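Here are my notes on the model you sent round. Have the structure open while you go through them.

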Amino acid sequence: MVTDPIADYLTRIRNAQQAGHRMVDIPASNLKKSITEILYDQGFIHKYKFVDEGPQGTIKIALKYDRATNKPVIHKLLRISKPGLRKYADVENLPRVINGLGIAIISTSKGVMTDKQARKENVGGEVLCYVH
């Protein structure tokens with residue numbers, strides 16, 4: 001049993017990139033699907049596919065690498081809010097990752113979104129992770 005599924009999700013992506021894999025399979029949940037869609041929309045992953053097999057399903061993610069240097073597009077994945085210590089931010093205190101070059105993924109009452117979308121929607125929420 002995994003106690004922190006979001007940390008497990010981020011770690012699987014991080015480990016696959018360090019090993020040079022092009023694909024990674026992750027057990028699915030609605031929150032993980034939302035995070036995957038955000039990573040795709042922001043250009044951090046190449047493509048993804050939701051496979052409904054078994055009781056839980058799987059997310060298949062094709063990782064994105066820079067063509068010139070063959071290095072991963074995602075430089076850092078950082079879990080912020082943890083099960084033992086939740087981190088929340090209102091709309092005035094939403095974090096800016098590397099002055100707007102990275103993204104913060106926020107779980108709000110209007111769904112999971114980036115920090116920029118949360119500012120536009122004028123909502124705060126739980127700061128799940130930083131990606132840059």
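Before we start, a contact here means heavy atoms within 4.5 Å. Also keep in mind that this is a predicted model.

1. Contacts of I105. Leaving out residues up to four places away in sequence, I105 touches I35, I38, L39, V112, M113, E126, V127, L128, C129 and V131. I105 itself sits in β6 (103–108), while β8 (125–131) is another contributor to the core described next.

2. The main core. I105 is one of the residues with the most contacts inside the largest nonpolar core, along with Y9, I13, L39, I61 and V131. That core has 24 residues. At least two of them come from each of α1 (5–18), β1 (23–27), α2 (30–41), β3 (58–63), β6 and β8. Which element gives the largest share? That would be α1, with five residues. As background, nonpolar side chains in soluble globular proteins tend to be buried together.

3. A second core. Apart from the main one lies another core, of 11 residues. Look for I80, L94, V97 and V123 among them.

4. Overall layout. The chain has three helices and eight strands, running α-β-α-β-β-β-β-β-β-α-β along the sequence. Its radius of gyration is 15 Å, close to the 14 Å that the globule rule gives for 132 residues, so the chain is as compact as a globular protein of that length. The C-alpha trace spans about 40 × 40 × 25 Å along its principal axes.

5. Burial and long-range contacts. Of the 132 residues, 40% are buried. Take the contacts between residues at least 6 apart in sequence: 59% of these join residues at least 24 apart.

6. Surface and charge. About 7800 Å² of the chain is exposed, and carbon and sulfur atoms supply 48% of that. On the charge side, count 21 positive and 13 negative side chains; the centres of the two sets lie 6 Å apart.

7. Two asparagines to check. Most residues other than glycine have a negative phi. N70, though not a glycine, has a positive phi of about 60 degrees, and N122 likewise has a positive phi of about 60 degrees. You'll find N70 in the loop between β3 and β4 (77–79), and N122 in the loop between α3 (115–121) and β8.

8. Are those two buried or exposed? N70 has 48% relative accessibility, so N70 counts as partly exposed. N122 comes out at 56% and therefore counts as exposed, the cut-off for exposed being over 50%.

Notes. Residues numbered from 1 in each chain as written. Predicted model: local features only at pLDDT ≥ 70, side-chain atom pairs only at ≥ 80, totals over all residues. Heavy atoms only, no water. Helix = DSSP H or I, 4+ residues; strand = E, 2+ residues; numbered from the N terminus. Rg over C-alpha atoms; globule rule 2.2 N^0.38 Å. Buried < 20%, exposed > 50% of the residue type's maximum accessible area, 1.4 Å probe, protein only. Areas by Shrake-Rupley, 256 points an atom, 1.4 Å probe, with all protein chains shown as cover. Lys, Arg positive; Asp, Glu negative; His and termini not counted. Charge placed at Lys NZ, Arg CZ, Asp CG, Glu CD. Core = buried A, V, L, I, M, F, W, Y, C linked by side-chain atoms within 4.5 Å.
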